[in-house]
Amino acid sequence: MLESSAANAAPTLRAHPPLPSRAFGVALPVTRPARVRGGALRPTRMDELNRMATKEERLPFWVRLVKSEADLRKAVHIRHAAYARHVPGLAQQLLQPEATDYEEGVVVLLAESKLDGSPLGTARIQSNRLHALSVEQSVDLPAWMDGLHLAEVTRLGIVGGTMGRLVKTVLIKAAFQYCERQGIEHAIAAGRAPIDRHYEQLLFEDLFPARGFIPLAHAGNLPHRVMAFDIGTGPARWHEAQHPALNFFCHTRHPDIDMGPVPVRSLPATRTAVAVPNPRRMVGGGRGRELPACTSNRMFA
């Protein structure tokens, strides 16, 4: 959930024209993705594309994982300020860290100014390795997601103005990078109108197109559009769509984003993780395959 603008009423779904490339600050690509037999898009790792990139871009801030209580307090400060601008009622519940911030399998991202260390943005990523996702308090995820390794991005808050738009885009890239390194197959995000447009333009797909906007318990029961992004095919789909965000996400290295070490594929994973099934459906289960060890905020709890 992104807190950068407000809309209170439950709107109807609508078609949107593509955002101009200046919304992402990148140029349109001219290449097309490779395809495998049968015409399917071939998955490409974002990390590999970034490592091969010839372009490097420095940012006026760092984005990293929260590793201490002091870091978390910075994240909570910017989280509360962002929600207070647009959802004051919910913001009152966000003055302090939430229990979810300390759960195993949860990380909090923090964007900090290089100038003075002030917080500029934050997001929380919760995987379903050990606990059901927050969104599952309000809705049963589609049956095809049973057994998949999922992550939900919540509490995405940024400063206002031009800097906030850049921070938002970089936080989303960092979240994609973290999910890929953790073996997450689909990232889930929920947005109120018009915030849902940001996810739609990044090629998130609506999980419940017939239902539209759904009240979410962990978001003050405000109506949100629940959407998902296939991490493995993301770069190929951006290529296919000639997406204006492609260069920024896949072909530009950002050394100021630190989501931890890149897993070495030739080495065995250090931990076997099983995805938690939908708590209300309780069918299916994890695939039981090896995944990278999961970084967690429990290190400072």
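**Figure 1. Burial and overall make-up of the predicted model.** In this predicted model, 52% of the 301 residues of the protein count as buried. The exposed surface of the protein comes to about 13100 Å², and carbon and sulfur atoms supply 56% of that area. Seven helices and 14 strands make up the secondary structure. Of the contacts between residues at least 6 apart in sequence, 76% join residues at least 24 apart.

**Figure 2. Confidence along the chain.** The average pLDDT of the protein is 80, and 73% of the residues score at least 70. Two segments are shown here. Over residues 4–37, pLDDT stays under 50, and the model has 72 contacts beyond four places in sequence for this segment. Over residues 265–292, pLDDT also stays under 50, and the model again has 72 contacts beyond four places in sequence. Where pLDDT is low, the predicted coordinates should not be read in detail.

**Figure 3. The hairpin of β4 and β5.** Strand β4 covers residues 106–113 and strand β5 residues 119–127; the two run antiparallel and are joined by seven bridges. Within this pairing, L109 has A123 of β5 as its bridge partner. Five residues lie between the two strands of the hairpin, and G117 in the turn has a positive phi of about 75°. Strand β5 is mostly covered, with nine of its nine residues buried.

**Figure 4. Strand β6 between β5 and β7.** Strand β6, residues 150–158, is mostly covered: nine of its nine residues are buried. Six bridges join β6 to β5, and these two strands run antiparallel. On this side, S127 has A151 of β6 as its bridge partner, and I125 stands opposite V153. Strand β7, residues 186–191, is joined to β6 by four bridges, and this pair runs parallel. V153 also stands opposite A189 in β7.

**Figure 5. The crossover from β6 to β7.** Helix α4, residues 161–181, forms a β-α-β unit together with β6 and β7. The unit is right-handed. The two strands of this unit run parallel and share four bridges.

**Figure 6. Surroundings of I231.** I231 is placed in the loop between β10 (222–230) and α6 (234–240). Is I231 buried or exposed? Its relative accessible area is 2%, under the 20% cut-off, so I231 counts as buried. Not counting residues up to four places away in sequence, I231 touches M46, F176, C179, E180, I184, E185, H186 and A187. One of these, M46, is 185 residues from I231 in sequence, yet the C-alpha atoms of the two are 8.9 Å apart in space.

**Figure 7. Helix α2.** Helix α2 has 18 residues, from 69 to 86. How does the distance between its end C-alpha atoms agree with 1.5 Å a residue? The expected span is 26 Å, because it is taken as 1.5 Å times one less than the number of residues. The end C-alpha atoms are 26 Å apart, which agrees with that value. The buried residues of α2 are D71, L72, A75, V76, I78, R79, H80, A82, Y83 and H86.

**Figure 8. The cis peptide bond at P194.** The peptide bond from A193 to P194 is cis, with omega near 0°. P194 is found in the loop between β7 and α5 (196–201). Most residues other than glycine have a negative phi, and most peptide bonds are trans.

**Figure 9. Positive phi at L203 and N221.** L203 is not a glycine, but has a positive phi of about 75°. L203 is found in the loop between α5 and β8 (205–206). The relative accessibility of L203 is 24%, so this residue counts as partly exposed. N221, also not a glycine, has a positive phi of about 60°. N221 is found in the loop between β9 (214–216) and β10. With a relative accessible area of 53%, which is over the 50% cut-off, N221 counts as exposed.

Conventions:
Residues numbered from 1 in each chain as written. Predicted model: local features only at pLDDT ≥ 70, side-chain atom pairs only at ≥ 80, totals over all residues. Heavy atoms only, no water. Buried < 20%, exposed > 50% of the residue type's maximum accessible area, 1.4 Å probe, protein only. Contact = heavy atoms within 4.5 Å. Areas by Shrake-Rupley, 256 points an atom, 1.4 Å probe, with all protein chains shown as cover. Pairing = 2+ DSSP bridges. Right-handed = clockwise from strand over helix to strand, strands pointing away. pLDDT = per-residue confidence, 0-100.
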